[in-house]
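The following exercises are to be worked with the sequence and the coordinates at hand. Each task is followed by a solution in steps.

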Amino acid sequence: MSMQIELVTSRDNRHIKQAVKLRNSGRLRRELGLFVLEGARLCGDANASGVHIDSLFFTDDARAKYDAVEGLIAAADSVYCVSDAVFDKLAETAAPQGVMCICRMPEGGADLSPTGRYIACENLSDPSNLGALARTAEALGSDGLILLGGGCDPYSPKAQRAAMGSLLRLPIFRFDDAVGGANELIGIGLKLYAAVVDSTAASVGEAGFGDGSVIVIGNEGNGMSERLISVCQNRVYIPISGRAESFNAAAAATILLWEQLKERSADEQ
């Protein structure tokens, strides 16, 4: 049976208003278990990754231009062909491609492993940083991303765009209480390495990351909380030259993840 496509030409359409609210509100995303993706590639990646497509919005031009749209039409529960003016209301990007999906957040998923290698963030506030970090973590073979404390929403449009699909594929584990979450990680046998700006800590090249390791990155402006540092079994420092005081969160994570990957590669040889 062919999918019924509804034509939408009014910016005041209820489905359009709901999509805009969902795009802008992390609270609503959590309440409904839904999130918004924009762009042909990102929506296509979601579909290929098995993410449930609740609704699809596209323009005629986008359908003619992007092959992914036909697959999305077949996969979506509801499909809306919208005018350019309507899509301009939906879009958050400056040069929209004319493709947007509302997706269901995955339920359940992988379990934390006592032999896994993970990257954790405490109260990371910039969604673009979170997305970039997830992209790096996937590329360097991390077993998952752990979110400690509040921080930004991994399902925000900015985080998803920066991640280029990695936040759809990389296992994500969330603990609202950072210290409580850290103790749970330790309880299953994981070793936590706090990334600190302190030259008395172990240098990153000497940290000895192995199986069952979690690299913990702090907030962009304030770093890790003292309470969380005190819980971690290890502290690690990235040597810095010049007058710079520290690396930003995404850059620090990249260096640390690379060292963790090197340790894994050495163990597997």
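## Exercise 1: Strand pairing

Strand 9 and strand 11 (residues 213–217) pair in the parallel sense over 4 bridges. The model is a predicted one.

Task. Determine the order in which the strands form the open sheet, and which strands are its edge strands.

Solution.
- Step 1. Begin with a residue pair: Ala194 stands opposite Val216 of strand 11.
- Step 2. Extend the pairing to the whole sheet. The sheet is open and consists of 7 strands in the order 8-7-6-11-9-12-10, with parallel pairing.
- Step 3. Identify the edges. Strand 8 (172–175) and strand 10 each pair on one side only, and these are the edge strands.

## Exercise 2: Salt bridges

Task. State how many salt bridges the model contains. Then describe the pairs Arg27 with Glu31, Arg104 with Asp54, and Asp198 with Arg235.

Solution.
- Step 1. Side chains of opposite charge can pair when their charged atoms come close. With a cut-off of 4 Å between a side-chain nitrogen of Lys or Arg and a carboxyl oxygen of Asp or Glu, the count is 8 salt bridges.
- Step 2. In the pair of Arg27 and Glu31, the closest N and O atoms are 2.6 Å apart. Both residues belong to helix 2 (residues 26–32) and are separated by 4 residues, about one turn of the helix. Glu31 is exposed, at 54% relative accessibility.
- Step 3. Arg104 and Asp54 form a salt bridge with an N to O distance of 3.0 Å. Arg104 is in strand 5 (residues 99–104) and Asp54 in strand 3 (residues 53–58), so this pair ties together parts 50 residues apart in sequence. Arg104 is partly exposed, with a relative accessible area of 37%, whereas Asp54 is buried at 15%.
- Step 4. Asp198 and Arg235 meet in a salt bridge at 2.8 Å, N to O. Asp198 lies in the loop between strand 9 (191–195) and strand 10 (202–203), and Arg235 lies in strand 12 (residues 234–237), so the pair links distant parts of the chain, 37 residues apart. Asp198 is partly exposed, with a relative accessible area of 25%, and Arg235 is also partly exposed, at 33% relative accessibility.

## Exercise 3: Helix 5 and its surroundings

Task. Identify the buried residues of helix 5 (residues 68–75) and what covers them.

Solution.
- Step 1. The buried residues of helix 5 are Val69, Leu72 and Ile73. They lie on the same side of helix 5, because the arc that they cover around the axis is only 105 degrees.
- Step 2. The general rule is that an α-helix has 3.6 residues a turn, so residues three or four places apart point the same way.
- Step 3. The cover over the buried residues of helix 5 includes strand 1 (5–8), helix 3 (40–48), strand 3, helix 4 (60–65), strand 4 (78–82) and strand 5.

## Exercise 4: Helix 7 and its ends

Task. Describe the span of helix 7 (residues 127–139), its start and what follows it.

Solution.
- Step 1. Helix 7 has 13 residues, and its first and last C-alpha atoms are 18 Å apart, close to the expected 18 Å.
- Step 2. At the start of helix 7, a side-chain oxygen of Asp126 comes to within 2.8 Å of the backbone nitrogen of Ser128.
- Step 3. The buried residues of helix 7 include Leu130, Leu133 and Ala137.
- Step 4. Gly141 follows helix 7 and has a positive phi, near 80 degrees.

## Exercise 5: Gln160 and two positive phi values

Task. Is Gln160 buried or exposed, and which residues is Gln160 in contact with? Where are Asn123 and Met164 placed?

Solution.
- Step 1. Gln160, in helix 8, is buried, at 1% relative accessibility.
- Step 2. The side chain of Gln160 reaches the backbone oxygen of Pro154 at 2.8 Å. Leaving aside neighbours within four places in sequence, the contacts of Gln160 include Phe35, Leu37, Leu42 and Leu168.
- Step 3. Most residues other than glycine have a negative phi. Asn123 has a positive phi, near 55 degrees, and is placed in the loop between strand 6 (117–122) and helix 7.
- Step 4. Met164 also has a positive phi, near 55 degrees, and is placed in the loop between helix 8 (157–163) and helix 9 (166–169).

How values were computed:
Residues are numbered from 1 along each chain as its sequence is written. This is a predicted model: local features need pLDDT of at least 70, side-chain atom pairs count only at pLDDT 80 or more; totals for chains, interfaces and linings use all residues. Side-chain values use heavy atoms; hydrogens and water are left out. The expected span of a helix is 1.5 Å times one less than its number of residues. Buried means under 20% relative accessible area, exposed over 50%, partly exposed in between (1.4 Å probe, protein chains only). A polar contact is a pair of N or O atoms within 3.5 Å; within protein, one must be able to donate a hydrogen and the other to accept it, and residues adjacent in sequence count only if both atoms are side-chain atoms. Contact means heavy atoms within 4.5 Å. The arc is that of the directions from the helix axis to the C-beta atoms. Two strands pair if DSSP finds at least two bridges between them.
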